[in-house]
Amino acid sequence: MQRVDVAVVGGGPAGSAAAHAAAERGADALVLEKGVPREDRDRLGPDSTDAAGILDYWVDIMGIHPDEFPEGVVQDHLDRAEFRGPTESCTLRSTGIESSYDEFGYTMHRARFDDFLRDRAEDAGAEYRVEASVRGVETDPDAGVGGDDPRHVLSIASDEEIGADFLVLADGPQRTVTNRVLDELLPADATASDRLASTENNHIAYQEYRRFPEEVYDEVDGSIVFWWGVMPGHTAYPWVFPNAGRVCRVGLTMPIGMDLDSVEDRDSYDLIREDDERIPAGSEYVRRILEREWGDEYDIEEDFPVVEDAGKTKGTETYPISSTRPIESPVDAGVCVTGGAMGATSAFHEGGDHVAVRTGAIAGELAAEGDVSSYNDRWHDAIGDEVLRNVAMAELCRDYGPDDWDDAFRIGRKMLASERGYRMFERKFGAGWGATKLLLRYQWIKWRNRDRRYVQLAEDEYTY
């Protein structure tokens with residue numbers, strides 16, 4: 001049996017960051033990644049499907065400046081985010097949060113970003129093993145660190161067993177391994193498989209890589225664009241994110257398993273048709289948003305061609321997004337759950353690489369030091385404000401329909417005129433009664449979720 005100090009399940013941003021942090025501090029770290037192919041990557045790697053870029057203050061949360069990246073990771077420098085409703089819109093040109101990064105943000109090539117993180121971990125001394133699917137984990141919480149018997153024994157699909165003192169779970173929002181590990185540490189009537197089931201708690205995302213006409217690319221260049229209130233579902237929205245070479249990612253996110261018959265006022269959503277019998281497929285949604293915005297002037301299929309040598313499969317990709325609230329880890333058993341697996345990523349803003357890297361790095365650092373007992377405290381301190389903000393915004397818009405989104409963006413323009421970025425939610429302004437109601441509602445939700453009440457699974461719920 002191979003013995004390591006730290007075994008990491010999953011080789012995405014959280015897993016690679018954990019391995020890097022552990023190896024850099026002298027620990028023997030092993031990453032186990034099942035490996036998937038992509039059109040735009042020569043080797044097998046993690047399921048590198050994520051649409052968002054990085055905003056200015058996310059750079060500091062992540063702890064990696066884009067100057068460290070090799071060429072090709074950064075695709076486009078951003079100067080704004082556009083939020084478009086059925087008829088109203090507003091534009092965010094500053095997050096209003098102090099950061100070390102001078103620009104508004106950037107979009108990136110996710111597969112190249114993952115390769116950078118993998119190479120960085122291996123350069124620090126970590127082992128990164130691909131085509132290594134974890135079939136199961138046996139955990140003995142009573143086993144001591146460095147003892148004859150490992151605390152964790154991981155079974156690999158090749159019938160190999162690996163022993164580790166610490167286990168970092170970084171297998172993403174599907175939680176294929178995470179839920180099975182946590183089930184053994186929770187009461188039978190409160191299993192993670194039920195509470196964190198990906199088919200019930202996650203969102204699904206779909207995106208296509210399309211080359212835009214020059215005039216249209218110039219329109220969206222430097223901006224991440226979101227449409228709200230044009231398709232049904234809580235935190236369901238299409239987007240356009242610019243990459244290099246006039247290529248843009250056009251996609252959408254929506255809750256898994258939506259039933260069109262349960263949608264109220266379905267005729268009020270621009271991307272729903274009268275003859276739809278079910279929620280449209282992702283590819284149909286993409287075609288409809290492109291037709292809505294630019295179909296009067298362009299032939300969408302001819303003028304916005306799919307770039308087939310990008311993405312996971314011929315210029316397209318489908319992937320899950322964690323839409324649960326974050327969970328705390330069973331640290332007394334030597335287990336740290338990180339990134340998408342812990343729900344630190346967010347369906348609201350369609351992104352989470354920054355919090356995945358940060359939580360992974362914290363876990364790897366503590367595991368290398370031989371004591372992960374402070375992991376939950378550390379990640380709360382590092383990303384608690386970000387999580388609370390996302391939880392509050394998601395709750396704020398839970399029951400929004402098209403008219404509500406138009407009202408929000410009309411009010412938002414007035415609020416942004418008084419304050420920069422997220423600071424518009426931090427104090428009162430002379431922007432009218434609508435702004436005051438929106439502000440008070442947001443602050444009430446944040447207050448209700450204070451003191452870590454935003455977690456979905458607390459540390460004291462585990463049994464050892």
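Okay, let's start at a loop: K314 sits in the one between α9 and β18. This is a predicted model, by the way. What's odd about K314 is its phi, which is positive at about 50° even though the residue isn't a glycine. For context, most residues other than glycine have a negative phi. And is K314 buried or exposed? It's exposed, at 53% relative accessibility, since the cut-off for that label is over 50%.

There's another residue like that, so let me put it alongside. R175 has a phi near 55°, again positive and again not a glycine. You'll find R175 in the loop between β13, residues 161–169, and α4, residues 178–183. Its surroundings are another story: R175 is buried, with a relative accessible area of 1%.

Right, back to the K314 loop, and on into β18. That strand belongs to an open sheet of seven, with mixed pairing, and the order runs β8-β7-β15-β16-β17-β14-β18. So which strands stand at the edges? Those are β8, residues 89–92, and β18, residues 316–321; each has a single partner strand, so one side of each has no neighbour in the sheet. On average, neighbouring strands here are turned by 20° against each other, ignoring direction.

The partner of β18 is β14, residues 203–211, and the two pair antiparallel over six bridges. If you want to follow the register on screen, A205 is opposite Y319 of β18, and Y206 is opposite T318.

Now the faces. In a regular strand, side chains alternate between the two faces of the sheet. In β18, E317, Y319 and I321 make up the covered face, while T316, T318 and P320 are on the uncovered one.

Next, what packs on this sheet? One answer is helix α8, residues 282–294, which touches β7, β14, β15, β16 and β17. The direction of α8 makes about 120° with that of β17. As for its geometry, α8 has 13 residues and spans 18 Å from first C-alpha to last, close to the 18 Å expected at 1.5 Å a residue.

Which residues of α8 are buried? They're G282, Y285, V286, R288, I289, L290 and W294. Keep the helix periodicity in mind when you look at that list: with 3.6 residues a turn, residues three or four places apart point the same way. And the cover over those buried α8 residues includes strands β14, β15, β16 and β17, plus helices α7, residues 214–220, and α9, residues 300–303.

That α9 brings us back to where I came in, the loop from α9 to β18 with K314 in it.

Terms used
Residues are numbered from 1 along each chain as its sequence is written. This is a predicted model: local features need pLDDT of at least 70, side-chain atom pairs count only at pLDDT 80 or more; totals for chains, interfaces and linings use all residues. Side-chain values use heavy atoms; hydrogens and water are left out. Two strands pair if DSSP finds at least two bridges between them. Helices (H or I, at least four residues) and strands (E, at least two) are DSSP runs, numbered from the N terminus. Axes are lines fitted to C-alpha atoms, for helices over the stretch in contact, and angles run from 0 to 180 degrees between N-to-C directions. Contact means heavy atoms within 4.5 Å. The expected span of a helix is 1.5 Å times one less than its number of residues. Buried means under 20% relative accessible area, exposed over 50%, partly exposed in between (1.4 Å probe, protein chains only).
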